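Q: Could you take me through one part of this model up close? I'd like to hear about the annotated domain, with whatever backbone and packing details turn up inside it.

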Amino acid sequence: MSILIKNGRIITSTLDFEGDLFIEGEKISALGKNLSVKADQEIDASGKLVFPGGIDPHVHLEMPFMGTFSSDTYETGTRAALFGGTTSVIDFILQKQGHSLYEAFNEWSGRATGNAVGDYSFHMAVTDFNEDTRKEIEALVNQEGITSFKMFMAYKGALMIDDRQLTGLMTEVKKQGGMVTAHATNGEMIDFLVAKFKEEGKLSPLYHYLSQPEVTEAEASGRFADIANYTGCPAYIVHMTCEGALNAVRNATRRNQNVFVETCIQYLTLDASLYDKGFESAKWVMSPPLREKKDQQTLWAGLNQGLVQVVATDHCPFFWKQKEMGSEDFSKIPNGHPAIEHRIELLYSEGVAKGKISLNKFVELTSGNAAKIFGMFPQKGTLSPGSDADIVIFDPLKKHSISAKTHHMNCDYSAYEGWELTGKCEKVLLRGKVVIDDNLCLVEKGNGKFIKRNKVSGKI
Ligand code: URP
Ligand code: ZN
Ligand code: ZN
Ligand code: ZN
């Protein structure tokens, strides 16, 4: 099967030209102006943008967490991602403390295999680093293509590891050619603040926000960067939200350290005033919490300064009933919100259409940099001969609005209900197949493939 996409505005992290793109089988075989090739199918992309399928390197599908499971399965979550132009996701395997990494890998593979609609890979979150788990890292990197290892510096008593384990894990991951990523907030400080507010009877979602002040993130981000620098391990901070944390990285990069930063679409577009809505604010209970307008400004600037390389979602949806587990106590509200479907359209509408970022930057942030950082480039994250034909055909003028009534995520509320957007994914191709066409998904569960990733250099 071959497809010719004609007369589109073709954008990658570096290209921007009007032309054609030729696909044979699962791969892109040529791009250029007025390609003279015969194809089985032609798609007219006049007036449309043509860019690489998105990569969301931070999602939680069917994740056991805080006494429940995040509500999107591999099927519903990756399908919703496709509707929003995201063709690949990287999910987090959570090791169970006291158990092996491979046990968790098998459990997550079991949920994903045969169910994912879009392509996927895994990060391994190590929640118990010891001599046994250390020995598993080599095989995960070399045999399974899992080359990134996550550490939680918070969620004390559940997922958190201490600095001793953190240092050991970084040392081993560096040796094996991998990357460490961190949820970088100070778990001890947060634990103290949560306990203090609860003792004082302050139990509403607002106190979730107040128990994770900016300093908890700034301190841990700096500490993580410093330990990574000492061990020489390439490092990546997930879901950064604030000025203090970004300044810690700004400092670290002065010594030419490889420390990458991800922010998430919600931290660029939503702010802490949403914690003023009584229990309804539980919709936005996530960790770290939403921040101030000044932090949003710092993050947008950080994108343009190249200090923040990736915009992800931290998609971790829960039904309202699940959120109600914390109606009497904010610390029991499952942390996370639905976003996987809206990242690309929100970043286009709020970023490109409003003149905050360029189109090339938009592609870097939604696919190109994640592919490079996590060892998938140039298979994913670009449009070049030999790359997977993961492609979004995007109408930059189409207006539409977000609602839980129309989204495809398995969640009964939207964090962006009623938002009006400019620009919409019209067609999405995954490995040479049209998977989304005008609001219809044309493929079934099992269509998604596991992406084995390469070792990382820590350079992009
Ligand atoms: O609130 C969040 N972020 N939930 C998912 C788990 C995590 O910390 O990434
Ligand atoms: Zn076990
Ligand atoms: Zn996190
Ligand atoms: Zn997360």
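What follows is a walk through that part.

A: Sure. This is a predicted model, so local features need pLDDT of at least 70 and side-chain atom pairs count only at pLDDT 80 or more, while totals for chains, interfaces and linings use all residues. Residues are numbered from 1 along each chain as its sequence is written, with chains lettered from A and ligands numbered from 1 in the order in which they are written.

UniProt, in an unreviewed entry, lists residues 49–435 as "domain: Amidohydrolase-related" (positions are in the numbering used here, feature names are shortened, and annotations may be inferred rather than shown by experiment). The span is 37% helix and 21% strand, and its end C-alpha atoms lie 17 Å apart. Helices here are DSSP runs of H or I with at least four residues, strands are E runs of at least two, and both are numbered from the N terminus.

Start with ligand 1. Around it sit His 60, His 183, Met 286, Ser 287, Asp 314, Cys 316, Asn 335 and Gly 336 (a C-beta atom, placed from the backbone, within 6 Å). That shell has 2 nonpolar, 5 polar and 1 charged residues; Ala, Val, Leu, Ile, Met, Phe, Trp, Tyr, Cys and Pro count as nonpolar, Asp, Glu, Lys and Arg as charged, and the others, Gly among them, as polar.

Ser 287 turns up again in the backbone: its peptide bond to Pro 288 is cis, with omega near -10°. Pro 288 is in the loop between α9 (265–269) and α10 (293–305).

Now the helix packing. α12 (residues 343–352) and α13 (residues 359–373) pack at about 150°, axes 11 Å apart (lines fitted to C-alpha atoms over the stretch in contact, with angles from 0 to 180 degrees between N-to-C directions). So α12 is roughly antiparallel to α13; the cut-offs are under 35 degrees for roughly parallel, over 145 for roughly antiparallel, 65 to 115 for roughly perpendicular, and oblique for the rest. Ile 344, Leu 347, Tyr 348, Gly 351 and Val 352 of α12 meet Leu 359, Phe 362, Leu 365 and Thr 366 of α13 (C-beta atoms, placed from the backbone, within 7 Å). These contact residues are 7 nonpolar, 2 polar and no charged.

Past α13, Phe 377 and Pro 378 are joined by a cis peptide bond with omega about 5°. Pro 378 belongs to the loop between α13 and β16 (391–401).

Notes: Contact = placed C-beta atoms within 7 Å.
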